[in-house]
Amino acid sequence: MIESKPGASSSYGRILATVRRADHLPTRVEYYDKKDVLLKVLEVKETLEDGGRTYPRLSVMRNAQKGTETRLEVLEQQLNLPADQLPDEMFTAAWMERNP
């Protein structure tokens with residue numbers, strides 16, 4: 001387990017991460033406020049191997065206060081793309097709304 005203490009500008013007081021030794025993948029990350037109350041928990045539920053590396057395939061962020069969760073599922077990935085295939089506009093909200 002790795003504990004980090006973000007700087008004063010962060011809303012988090014500390015972060016605890018459980019990291020697998022074999023591939024250095026954080027499998028669980030707990031976010032605490034400045035009063036040491038648990039706010040959120042990120043868990044990697046499934047992984048995938050690509051190019052000799054391990055990546056999260058399914059991650060779940062749970063809000064400990066509200067009991068809600070957000071799931072992030074990677075359906076497809078491409079590695080080592082040339083920069084011209086990743087234009088800056090791809091990383092805007094407008095692009096993501098047009099290309100779900």
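**Exercise 1.** Which side chain does a polar contact of 3.3 Å join to that of T54?

*Solution.* The model is a predicted one. Start from the side chain of T54 and look for the polar contact of 3.3 Å: the partner is the side chain of D23. Next, look for a polar contact of 2.7 Å from the T54 side chain; this one leads to E49.

**Exercise 2.** List the residues that T54 touches, leaving out those up to four places away in sequence.

*Solution.* Both polar partners belong in the list, D23 and E49. The list is completed by R20, L25, T47 and L48.

**Exercise 3.** Decide whether T54 is buried or exposed.

*Solution.* Take the relative accessibility of T54, which is 16%. The cut-off for buried is under 20%. T54 therefore counts as buried, because its relative accessibility is 16%.

**Exercise 4.** Place T54 in the sheet, beginning with its strand.

*Solution.* T54 lies in strand 5, which covers residues 53-63. Strand 5 belongs to an open sheet of six strands, ordered 1-2-3-4-5-6 and paired antiparallel. At the edges are strand 1 (2-4) and strand 6 (69-73), each pairing on one side only. From one strand to the next, the twist averages 20°.

**Exercise 5.** How many bridges join strand 4 to strand 5, and which residue of strand 5 is the bridge partner of K40?

*Solution.* Strand 4 spans residues 38-50 and runs antiparallel to strand 5. Ten bridges join the two strands. For K40, the bridge partner in strand 5 is N63.

Key: Residues are numbered from 1 along each chain as its sequence is written. This is a predicted model: local features need pLDDT of at least 70, side-chain atom pairs count only at pLDDT 80 or more; totals for chains, interfaces and linings use all residues. Side-chain values use heavy atoms; hydrogens and water are left out. Helices (H or I, at least four residues) and strands (E, at least two) are DSSP runs, numbered from the N terminus. Buried means under 20% relative accessible area, exposed over 50%, partly exposed in between (1.4 Å probe, protein chains only). A polar contact is a pair of N or O atoms within 3.5 Å; within protein, one must be able to donate a hydrogen and the other to accept it, and residues adjacent in sequence count only if both atoms are side-chain atoms. Contact means heavy atoms within 4.5 Å. Two strands pair if DSSP finds at least two bridges between them. Axes are lines fitted to C-alpha atoms, for helices over the stretch in contact, and angles run from 0 to 180 degrees between N-to-C directions.
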